[in-house]
Amino acid sequence: MTVHSKSVSSQVNYEAQFFNSIDEIDAEKWNNTLSNRNIYLSIPYLKALQTGLKTYDFKYIIFYNQDKEPVGICYCQIIKITAAEINIAALVQRIGGMLPQNIIKRMDLRVLICGNAFASGENGFLFKEGIETQNAIDLVNNAIDEIHYSEKKQGKKISITMIKEFWPASFEAISYLKDKGCTEINIDVNMVLTLKEEWTQFDDYLDAMNSKFRTKAKQVFQKSSRIEIRKFTEETILIHLDEIDTLYNTIVDRANFSFGRLNATTLLLVKKALGDDFYFNGYFIDNKLIGFSTATHFDNVLDGNFIGLDYNFNQEFAMYQRMLYDFVAHALHVKAIYVRIGRTAEEIKSGIGALPVEMKFYAKHRNRIKNALLKPFVNKLEPTNFELRKPFKSEYYR
């Protein structure tokens, strides 16, 4: 489907071409715009998600200028949210009872996410240099409206649109989304560790810590010394598919809210798509898989993605902390500068040296009245407070 669109801020005419499958798009035009700038918008990665997540709908958009040249791409996921994805008691407590339990229990929504529910960061759209941010937002907003209209005609109404999620460098430019009727939301911070250039091996990282936290790190390695850590290949993932699913779901079931669930098959497909850039470790005790961790390497970043663990072993073997230290060790190995380890467990993550980075996303209810009601509701979803630990010697923080 091709739709003519206009950037309000520039009054320039563009075309937007819509696709329901990654297999339908013109790969050359998509890649021409992408220029290897975002691994989460690469065709192999997107194909892995589409193949593995059978219950999701996906939308792919290519924008063209007046000369029919591709100038931008956009990626959306449409996810069905029910009470099964929500820890009802936790959500009601967090929003102070603004949304009654009986409403949450009946919740059945289709949510459009411009971006990726399973990867933090600005993974929803990308434009070539020369396209102003306001022009890009106009085009993306128009495209999302077109998807909404098309889905509604088919009897598949979208309740909420989310555009996620932006790093501080983008805050000023992306705030233009508020002019498009979106509500700005401050979500929980992303914990990011910055590795010093002089840290060429893990011992350098440990040596930069103060004595208290260096001792804690050594205690983690001592407690986890019985764990056998295996680098998972496609073959070993396939062998342990059922166990990976169980361990992953253990984590998701403990969360207050989840936009949906991945599965071991999708992780296998991502491994096939990204190869060595997709780090996948299995943690074993007496040949029993008790945990796994994954991360994606691109540019100068190691982006921690998913973990799974058996909590029966977590405290005794300090599994979670060991996984965090292993992320650091792998980041040093691939010469990354930043280790992004996401939201949740911020205090523990700060214990390995990660610092909080503020992030924002934007949401809009498709019904104007309900969108007005959405604003005070989402304003209650403030970032979680936590005690920030500072494990390094004082010179690190100067």
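A residue counts as buried under 20% relative accessible area, as exposed over 50%, and as partly exposed in between. At 31%, Lys-156 is therefore partly exposed. This residue belongs to a predicted model, described below from the whole chain down to single residues.

**Overall picture**

The chain carries 15 helices and 14 strands. It has 398 residues, and 54% of them count as buried. Long-range contacts are well represented: of the contacts between residues at least 6 apart in sequence, 75% join residues at least 24 apart. The accessible surface is about 18,900 Å². Carbon and sulfur atoms account for 47% of that surface.

Confidence is given by a mean pLDDT of 88. A value of 70 or more is reached by 84% of the residues. Residues 94–100 fall below 50. Beyond near neighbours in sequence, that stretch still has 17 contacts in the model.

**Salt bridges**

Side chains of opposite charge can pair when their charged atoms come close. The structure holds 16 salt bridges. Three of them are listed here, with the distance between the closest N and O atoms.

| Acidic residue | Basic residue | Closest N and O atoms |
|---|---|---|
| Glu-151 | Lys-156 | 3.9 Å |
| Glu-165 | Lys-164 | 2.8 Å |
| Glu-228 | Arg-230 | 3.0 Å |

What is the setting of each partner, buried or partly exposed? Glu-151 has a relative accessible area of 1%, so it is buried. Its partner Lys-156 is partly exposed at 31%. In the pair of Glu-165 and Lys-164, both residues are buried. In the pair of Arg-230 and Glu-228, Arg-230 is partly exposed at 25% relative accessibility. Glu-228 is also partly exposed, with a relative accessible area of 39%.

Which residues are joined into one network by salt bridges that share partners? They are Asp-57, Lys-59, Arg-110, Glu-151 and Lys-156. The network thus takes in the bridge between Glu-151 and Lys-156.

**A helix crossing**

Helix H10 spans residues 241–254, and helix H11 spans residues 264–274. Their axes come within 8 Å. They cross at roughly 110°. Angles of 65 to 115 degrees count as roughly perpendicular, so H10 is roughly perpendicular to H11. Which residues meet where the two helices are in contact? From H10 come Leu-241, Ile-244 and Asp-245. From H11 come Ala-264, Thr-265 and Leu-267.

**Positive phi outside glycine**

Most residues other than glycine have a negative phi. Ser-35 is not a glycine, yet its phi is positive, about 50°. Ala-318 is likewise not a glycine and has a positive phi of about 50°.

Where do these two residues lie? Ser-35 sits in the loop between helix H1 (27–34) and helix H2 (43–52). Ala-318 is in the loop between helix H12 (311–317) and helix H13 (319–333).

Their exposure can be set side by side. Ser-35 has a relative accessible area of 44%, so it counts as partly exposed. Ala-318 has 4% relative accessibility, which means that it is buried.

How values were computed:
Residues numbered from 1 in each chain as written. Predicted model: local features only at pLDDT ≥ 70, side-chain atom pairs only at ≥ 80, totals over all residues. Heavy atoms only, no water. Helix = DSSP H or I, 4+ residues; strand = E, 2+ residues; numbered from the N terminus. Buried < 20%, exposed > 50% of the residue type's maximum accessible area, 1.4 Å probe, protein only. Contact = heavy atoms within 4.5 Å. Areas by Shrake-Rupley, 256 points an atom, 1.4 Å probe, with all protein chains shown as cover. pLDDT = per-residue confidence, 0-100. Salt bridge = Lys/Arg side-chain N within 4 Å of Asp/Glu carboxyl O. Axes fitted to C-alpha atoms, helices over the stretch in contact; angles between N-to-C directions. Parallel < 35°, antiparallel > 145°, perpendicular 65-115°, else oblique.
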